[in-house]
Amino acid sequence: MPSTHNSPPRLLVVEGNTAAARARHTNFGGEAPSEGYSRLLRELLPGATVDICYPADVGANLPDGVGLETYDGIAITGSSLNIYNGGPEIGRQIELIRAGFASGTPLFGSCWGLQVLTVAAGGTVRKNPRGRELGFGRRIRLTPAGSTHALYTGKPTVFEAMTVHLDEVETVPAGAELLATNGHSGVQALEIRRGHTVAWGVQYHPEYPFREMAAIVRRIGDAVFEEGFFADITERDGFVADLEALEANPADQRLSWRHGIGDSIRIKAERVREISNWLQRQVLPTRSARGRG
């Protein structure tokens with residue numbers, strides 16, 4: 001095997017959606033979660049090589065445990081799947097992440113990613129009895145453990161974040177540490193350790209730009225009316241238009257006031273801080289300890 005000393009960082013993004021779900025999302029103006037995640041990782045870690053794997057797809061060529069050890073970090077995207085429904089497209093993801101835990105490679109999960117990490121480590125996930133959390137996760141607050149944790153270095157103790165999910169962590173894996181919570185979901189962030197592997201997961205989406213949330217609201221369809229988020233199409237389309245306007249000008253004070261959002265969402269460096277901290281405080285130190293740079 002060739003030497004990896006001083007080679008570029010190598011990251012893997014695990015796409016949580018099926019091919020059909022990815023195609024449907026792009027039809028509503030979004031992009032495959034793994035594509036956006038990969039671009040952000042390359043931006044935050046210039047020079048990094050980022051691969052994508054598709055465990056929800058039939059016949060996908062997935063890395064084994066040895067292959068996962070060759071990466072410096074593994075990130076898991078969101079998904080429209082519900083983990084308690086089971087099925088091969090979900091089972092393959094759980095098994096892949098179990099192999100990730102055995103690899104010693106740092107893991108990070110957003111939303112569905114947190115849920116897969118939880119189940120792979122022995123916890124459970126359920127449909128949230130409070131319903132969907134959509135748009136902006138409100139008053140997410142750090143626990144005492146979270147307030148001193150490396151995941152949240154530079155983050156305020158209470159913040160908002162991009163979010164969309166129907167499900168929540170019901171029981172945390174043994175030994176996991178709760179790092180953040182809010183009134184809607186008791187688990188907004190966890191650290192899970194298995195052997196030499198450290199996983200950080202958040203229930204929200206630090207990787208999402210405003211335009212991606214706009215596409216999601218369009219894609220969800222009539223459920224946003226049935227669940228009481230909007231009275232009619234005019235209200236929904238107004239919210240989507242505001243999101244697209246914030247994408248163009250995140251400093252728009254009028255829209256920030258209207259939606260009750262602050263710098264933790266408006267300023268990109270603040271919004272993606274959890275992922276930046278993972279790269280700087282988990283991925284690069286582990287890479288160095290492995291003699292790769």
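The exercises below, with worked solutions, concern a predicted model.

Local features need pLDDT of at least 70 and side-chain atom pairs count only at pLDDT 80 or more, while totals for chains, interfaces and linings use all residues. Residues are numbered from 1 along each chain as its sequence is written, and side-chain values use heavy atoms, with hydrogens and water left out.

**Exercise 1. Helix α2**

Task: Compare the expected span of helix α2 with the distance between its end C-alpha atoms, then state what its buried residues pack against.

Solution:
- Helices (H or I, at least four residues) and strands (E, at least two) are DSSP runs, numbered from the N terminus. Helix α2 has 12 residues, 33-44.
- The expected span is 1.5 Å times one less than the number of residues. For α2 this gives 16 Å; the end C-alpha atoms are 17 Å apart, which agrees.
- Buried means under 20% relative accessible area, exposed over 50%, and partly exposed in between (1.4 Å probe, protein chains only). The buried residues of α2 are Pro33, Ser34, Gly36, Tyr37, Ser38, Leu40 and Leu41.
- These buried residues pack (contact: heavy atoms within 4.5 Å) against strands β1 (10-14), β2 (49-53), β3 (73-76) and β4 (107-110), and against helices α12 (268-271) and α13 (273-289).

**Exercise 2. The crossing of α4 and α5**

Task: Classify the crossing of helices α4 and α5 and describe the contact by residue class.

Solution:
- The axes of α4 (residues 88-103) and α5 (residues 112-120) come within 9 Å and cross at roughly 70°. Axes are lines fitted to C-alpha atoms, for helices over the stretch in contact, and angles run from 0 to 180 degrees between N-to-C directions.
- Angles under 35 degrees count as roughly parallel, over 145 as roughly antiparallel, 65 to 115 as roughly perpendicular and the rest as oblique. Helix α4 is therefore roughly perpendicular to α5.
- Ile90, Gln93, Ile94, Ile97, Arg98 and Phe101 of α4 meet Trp112, Val116, Leu117, Val119 and Ala120 of α5.
- By class, the contact has 9 nonpolar, 1 polar and 1 charged residues. Here Ala, Val, Leu, Ile, Met, Phe, Trp, Tyr, Cys and Pro count as nonpolar, Asp, Glu, Lys and Arg as charged, and the others, Gly among them, as polar.

**Exercise 3. Gln203 and helix α7**

Task: Locate Gln203, list its contacts, and determine how far α7 is enclosed.

Solution:
- Gln203 is in the loop between β11 (197-202) and α7 (210-220). Its relative accessible area is 0%, so Gln203 is buried.
- Leaving aside neighbours within four places in sequence, the contacts of Gln203 include Cys111, Leu114, Thr163, His165 and Gln188.
- The side chains of Gln203 and Gln115 form a polar contact of 3.4 Å. Such a contact is a pair of N or O atoms within 3.5 Å; within protein, one must be able to donate a hydrogen and the other to accept it, and residues adjacent in sequence count only if both atoms are side-chain atoms.
- In α7, 9 of the 11 residues are buried, so this helix is largely enclosed by the rest of the structure. Among them are Phe210, Met213 and Arg219.
- Just after α7, Gly221 takes a positive phi of about 75°.

**Exercise 4. Positive phi outside glycine**

Task: State where Cys111 and Arg139 lie and whether each is buried or exposed.

Solution:
- Cys111, not a glycine, has a positive phi of about 60°. Cys111 lies in the loop between β4 and α5, and at 5% relative accessibility it counts as buried.
- Arg139 has a positive phi near 45°. Arg139 lies in strand β6 (residues 133-142), and at 59% relative accessibility it counts as exposed.
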